[in-house]
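Work through the exercises below with the structure open. Each task is followed by a solution in steps.

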Amino acid sequence: MDTSAGKQYRTLTLEAFADTFVPGAKREPGDIAVAGAAAGPGAVAAGAIELLETPATGIASDLDDLAHGLNGHASDYADEHGLVLDTSVPPFVALEFAHRTALIQALTDPGHPEKEFWILTALFCFMAFDTAAHMDTVSAVANGHPGLKTMGFATPDADGLWRFPDFSYRRQLARIHPHTTASGDPA
């Protein structure tokens with residue numbers, strides 16, 4: 001979609017989709033895409049749309065089709081359940097959070113023919129929150145990426161490198177190879 005209205009339709013739909021997987025607080029009282037089903041930041045605040053729109057995902061060029069498909073499923077779901085949707089917003093956005101969740105459960109069910117595509121798209125929403133995959137890690141941590149901050153992701157040392165003086169298993173699992181360089185690269 002080239003129009004700003006088309007872009008807004010797509011963005012609202014994708015935000016509501018991402019918010020269904022990693023819910024967060026509304027960004028403002030009138031927020032219609034983020035349902036506010038959880039306190040704190042969710043996938044949308046963590047950059048899910050930015051990540052989905054990254055060409056490296058392999059799905060960026062299909063996001064318009066994804067939004068239309070999701071909204072088609074939302075309209076069908078509403079008809080099947082006797083729901084009247086607000087027609088001023090995309091159908092998936094118009095669904096209450098519980099109905100969004102139920103629809104997504106159906107779309108990701110092992111028997112659904114489109115399951116793989118919906119799960120792939122959802123994985124990028126999780127990645128935006130859990131890994132800040134659309135950003136370099138040092139910048140994400142320095143800028144307080146909401147997902148990494150929520151998970152208590154460790155900050156690097158002053159030189160930008162992560163060092164962990166305590167072994168996670170409370171014991172050293174292997175010795176450093178004698179030819180390992182000072183920067184940690186194998187020789």
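Which residue with a positive phi follows α3? In this predicted model, α3 is followed by Gly82, and the phi of Gly82 is positive, near 65°.

**Exercise 1. Describe α3 and decide how its buried residues are arranged around the axis.**

Step 1. Check the length. α3 has 18 residues and spans 25 Å from its first C-alpha to its last, close to the 26 Å expected at 1.5 Å a residue.

Step 2. List the buried positions. In α3 these are Leu63, Asp64, Leu66, Ala67, Leu70, Asn71, Ala74, Tyr77 and Ala78.

Step 3. Look down the axis. The buried residues of α3 fall within an arc of 160°, so they line one face of the helix.

Step 4. Turn to the face pointing away from the buried side of α3: Asp65, Asp79 and Glu80 are exposed there.

Step 5. Identify the cover. The elements over the buried residues of α3 include α1, α2, α4, α5 and α6.

**Exercise 2. Place His81 and classify its exposure.**

Step 1. His81 belongs to the loop between α3 and α4 (91-94).

Step 2. Apply the cut-offs: buried is under 20% relative accessible area and exposed is over 50%. At 43% relative accessibility, His81 is therefore partly exposed.

Step 3. Relate His81 to Leu95, which is 14 residues away along the chain; their C-alpha atoms are 11 Å apart.

**Exercise 3. Determine how α1 packs on α6, and which residues make the contact.**

Step 1. Take the axes. Those of α1 (residues 4-21) and α6 (residues 115-130) come within 9 Å and cross at roughly 75°.

Step 2. Classify the angle. Values of 65 to 115 degrees count as roughly perpendicular, so α1 is roughly perpendicular to α6.

Step 3. Name the residues. α1 contributes Phe17, Ala18 and Phe21, while α6 contributes Trp118, Thr121, Ala122, Cys125 and Phe126.

Step 4. Sort them by class: the contact of α1 with α6 holds 7 nonpolar residues, 1 polar residue and no charged residues.

**Exercise 4. Describe the buried side of α6 and what lies over it.**

Step 1. The span of α6, with its 16 residues, is 22 Å from first C-alpha to last, close to the 22 Å expected at 1.5 Å a residue.

Step 2. Trp118, Thr121, Ala122, Phe124, Cys125, Ala128 and Phe129 are buried in α6. They occupy an arc of only 145° around the axis, which puts them on the same side of α6.

Step 3. Among the elements covering these buried residues of α6 are α1, α2 (48-52), α3 (63-80), α5 (97-107) and α8 (146-150).

Step 4. Past the helix, α6 is followed by Ala132, which has a positive phi near 50°.

**Exercise 5. Analyse the packing of α1 with α5, then the two sides of α5.**

Step 1. The axes of α1 and α5 are 10 Å apart, at an angle of about 85°. That angle makes α1 roughly perpendicular to α5.

Step 2. From α1, Ala16, Phe17, Asp19, Thr20 and Phe21 meet Phe97, Arg100, Thr101 and Ile104 of α5. By class, the contact of α1 with α5 has 5 nonpolar, 2 polar and 2 charged residues.

Step 3. Arg100, Leu103, Ile104 and Leu107 are buried in α5. Their arc around the axis is only 100°, so they sit on the same side of α5.

Step 4. Ala98 and Gln105 are exposed on the other side of α5.

Step 5. The buried residues of α5 pack against α1, α3, α4 and α6.

Technical notes: Residues numbered from 1 in each chain as written. Predicted model: local features only at pLDDT ≥ 70, side-chain atom pairs only at ≥ 80, totals over all residues. Heavy atoms only, no water. Axes fitted to C-alpha atoms, helices over the stretch in contact; angles between N-to-C directions. Helix = DSSP H or I, 4+ residues; strand = E, 2+ residues; numbered from the N terminus. Parallel < 35°, antiparallel > 145°, perpendicular 65-115°, else oblique. Contact = heavy atoms within 4.5 Å. Nonpolar A, V, L, I, M, F, W, Y, C, P; charged D, E, K, R; others polar. Expected span 1.5 Å × (residues − 1). Buried < 20%, exposed > 50% of the residue type's maximum accessible area, 1.4 Å probe, protein only. Arc of directions from axis to C-beta.
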